[in-house]
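Colleague: I'm new to reading protein models, and I'd like to understand how the labels are earned. Could we go through one together?

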Amino acid sequence: MNQISKPEIANPLGRALEHDSAGQHVTGQALYCDDIREPAGCLHAAMGLGPAFPARIVAMDLDAVRQAPGVVAVFTAADIPGENNAGSVVHDEPLLASDQTSYAQQPLFVVAAETRDQARRAARLAKFEAEERPAAVTYDQIVERDEHVMPTLEVVTGDAEAALAKAQHKLEGRIEIGGQEHMYLEGQIALALPSPDGLRVVSSTQHPTEVQEMLGHLLELSSAEITVEVRRMGGAFGGKESQAAHTAMMATLAAYHTGRPVKLRLDRDDDMVTTGKRHDFRVDYRLGYDDSGRVYAGTFDLAARCGHSADLSAAVCDRAVFHSDNAYFIPEHRITSHRYRSNTVSNTAYRGFGGPQGMVAIERAMDQIAARLGKDPLDVRLENLYGRHGDIAPYGMQVKERVLEPLIRQLEVSADYRQRRAEIEAANQSAGRYRRGIALTPVKFGISFTISFLNQAGALLNIYKDGSILINHGGTEMGQGLYLKVAQVVAHQFGVPLDMVKISATRTDKVPNTSPTAASSGTDLNGAAALAACKTLKQRLTRFLQQKFETDALPLFKDGRVLIGFHHMSYAEMARAAWFARIPLSATGHFATPGIGWDAKTGKGRPFFYFAHGAAVSEVEIDTLTGANRVVRADLLHDVGQSINPAIDLGQIEGAYIQGMGWLTMEQLVFNDKGQLLTHAPSTYKIPTATDRPDVLNITLYDNKNPEATVHRSKAVGEPPFMLAISVHSALAHAISGLGGPGYWPDLDAPATAEEVLRCLDAANAAAV
């Protein structure tokens, strides 16, 4: 672990600094939306949910709701002055349904009451006369109905069918990959504060500008009349990118009509029932390969269960297409992405944004090929890496960096992979109840929004007369350390200690037209925008200092001082002198990622600025009697470029891996035949805890500067390590495989719950017989 440095140290870039709110987090002093003191007269809102099945609403009786104790008002779709829309990209989802619902327990009305308890109790008093509509929930049902929230995308290179026909060996398979609940510690929440000067909304959102825009459509107000603010979120993971707007809109609708402040904090059950999840996928694949394990052709059919509306499904499914190759060059291929409509809550963004689902299938295939050829799966993976036989990705982008093979080779040695695998396979020959497995899998993850216009950011930087610096940017802080990293960039530029730089809450009235903090691009975009503002101010200060001291020398900003020629002064003295000289000490900065873009019609282009890489070795143990499984050791080696803050990056890698492990092993979403979510609380939905952390967890940052001109030559770290956990899934399959005899590999779906492991154990034993 890197030594944690103190914030007063100058030149903090590249140092391991603790999170700027760490002390507040562990002492309970960090202010979240629900901690803000409620203004006088504040009302509390609650959602009124519809029937537990898709329905045509014949009649809705809200008299008992209106008459309940403490209730001030009740609002339905008829009370929306503007557009009744909660759809992020496509306007296909009503904020409040009226004549029909598309999924179980879809919101129909909003209650505003004096207390939260009164609002929640009143919301349950509604009476409906409803006719049940058919529900398409399972894969077979949605494929048979064949309704799509967005058009199918197909990406083709060469003639995959002809190449498959000529292949020495052929492989066919199917894998089902479950969704995942975000389970952020802080649920969806918003506080709407009306005033004569406009509307201010404090929202737990990754995308303040989208909340602002959707509120404008809802109430027929201009964006200039609405300010959306967020200081921090208690986790988000993509779940507050588009769907945080729903909560803000309901709170604001009540505030608009009552003229009073309104807070809406969703109960955990309501949150889980009405907000989207990670998209679940069913992937059918075919590969052609030779005796060495080299893959020559492949087809992938990706069927995504998107929910009842489009939300962000198009971009999520696009990214699944982009990552269906993971780290492997496949010369001829056809990748087809189906975006199916289902009668379930609309799925949305989640850490990795479709990339993890795209990668799981190809990693399963690599394991199967190795098993059939009697090879170590690592050798098959190495044989197919980009750079061995080609470097053009399915979507036409050249994969230039040659990072993965040396990274994998380093991890192979440091984790003692070969010897451990041999020892595990030998031990499994005589194993009793417990068996072990091990796997090494790589990650190649593209960094940028695949919707090109989102790859931009703005920043506002103020230098005060005392030398202190205030920076505001469009990025949002959800615990990932974005604020701290941007502050480190600014402090480095001006050569001042970190504690001289402050970052204020993200607000749409300070930096407008922001992109969401997502796609692992927060530091790349907002850090670069802040850097642009720094350069503007440094240019002004340089001209001022050169005129003041009558020199052509360039100033040096270092250790809180400014040196130019034979002159020097403190940074604070320089700031005051510049103010007296009427030099403007405020500047904006803007950054747009260069050289990216792709054509959705052809499926070709350069959707990513660069790739982040990593690899993991995971060792697991399964109980063959119960199917219970655990990760006993993990070795992670990850490429973050030249790290801005190693302590933050190491934390992100660990958290992502554990979260990915949960997705692939224990987090199971269960819907009934009506599409009602049954696992709607922590009592029924299991996520990893501290006790699920591997007994041995080794995390190392790979030494590698980003070849692209990013901030400090760093690389994104939020999402890529999530997919390191695919090694856990492969290791579980390895533990089972020995029971089935030579060449056998189990059809282990995800999540690999105890029940799923038992199913595969039974299948392996049957195959051996």
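**How the labels are earned**

Modeller: Happily! The protein chain is divided into domain 1 (2–30 + 456–592), domain 2 (33–133 + 188–233 + 240–274) and domain 3 (280–450 + 600–768). Keep in mind that this is a predicted model.

Colleague: How do you know that domain 2 and domain 3 are in contact?

Modeller: Contact means heavy atoms within 4.5 Å. By that rule, 22 residues of domain 2 touch 22 residues of domain 3. The centres of domain 2 and domain 3, taken over C-alpha atoms, are 38 Å apart.

Colleague: What is the buried area between domain 2 and domain 3?

Modeller: About 1800 Å², with 55% of it on carbon and sulfur atoms. The size of an interface is often given as the accessible area lost when the parts come together.

Colleague: What makes Glu132 and Lys674 a salt bridge?

Modeller: The rule asks for a side-chain nitrogen of Lys or Arg within 4 Å of a carboxyl oxygen of Asp or Glu. In Glu132 and Lys674 the closest N and O atoms are 2.6 Å apart, so the pair qualifies. Across the interface of domain 2 and domain 3, the rule finds one salt bridge. Helix α8 (residues 268–274) gives the largest share of domain 2's side facing domain 3, five residues. By class, that side of domain 2 has nine nonpolar, seven polar and six charged residues.

Colleague: How many salt bridges does the structure hold?

Modeller: There are 53 salt bridges in the structure. One of them joins Glu161 and Arg286, with the closest N and O atoms 2.3 Å apart. Glu161 lies in helix α5 (residues 160–166) and Arg286 in strand β13 (residues 280–289), so this pair ties together parts that are 125 residues apart in sequence.

Colleague: Why is the pair of Phe494 and Tyr571 called edge-to-face?

Modeller: Two cut-offs settle that one. Ring centres must lie within 6.5 Å to pair, and planes over 60 degrees apart count as edge-to-face. Phe494 and Tyr571 are 5.9 Å centre to centre with 65° between the planes, so both conditions are met. Phe494 belongs to helix α14 (residues 482–494) and Tyr571 to helix α16 (residues 571–580), so the pair links parts that are 77 residues apart in sequence. By this rule the count comes to twelve aromatic pairs.

Colleague: Which peptide bond is cis, and where is its proline found?

Modeller: The cis bond joins Ala750 and Pro751, with omega about 5°. Pro751 is found in the loop between α18 (726–737) and α19 (754–768).

Definitions and conventions
Residues are numbered from 1 along each chain as its sequence is written. This is a predicted model: local features need pLDDT of at least 70, side-chain atom pairs count only at pLDDT 80 or more; totals for chains, interfaces and linings use all residues. Side-chain values use heavy atoms; hydrogens and water are left out. Domain bounds come from an automatic or database domain assignment. Buried area is the accessible area (1.4 Å probe) that two parts lose on being put together, summed over both. Helices (H or I, at least four residues) and strands (E, at least two) are DSSP runs, numbered from the N terminus. Ala, Val, Leu, Ile, Met, Phe, Trp, Tyr, Cys and Pro count as nonpolar, Asp, Glu, Lys and Arg as charged, and the others, Gly among them, as polar. Rings of Phe, Tyr and Trp (its six-membered ring) pair if their centres lie within 6.5 Å; planes under 30 degrees apart count as stacked, over 60 as edge-to-face and the rest as tilted.
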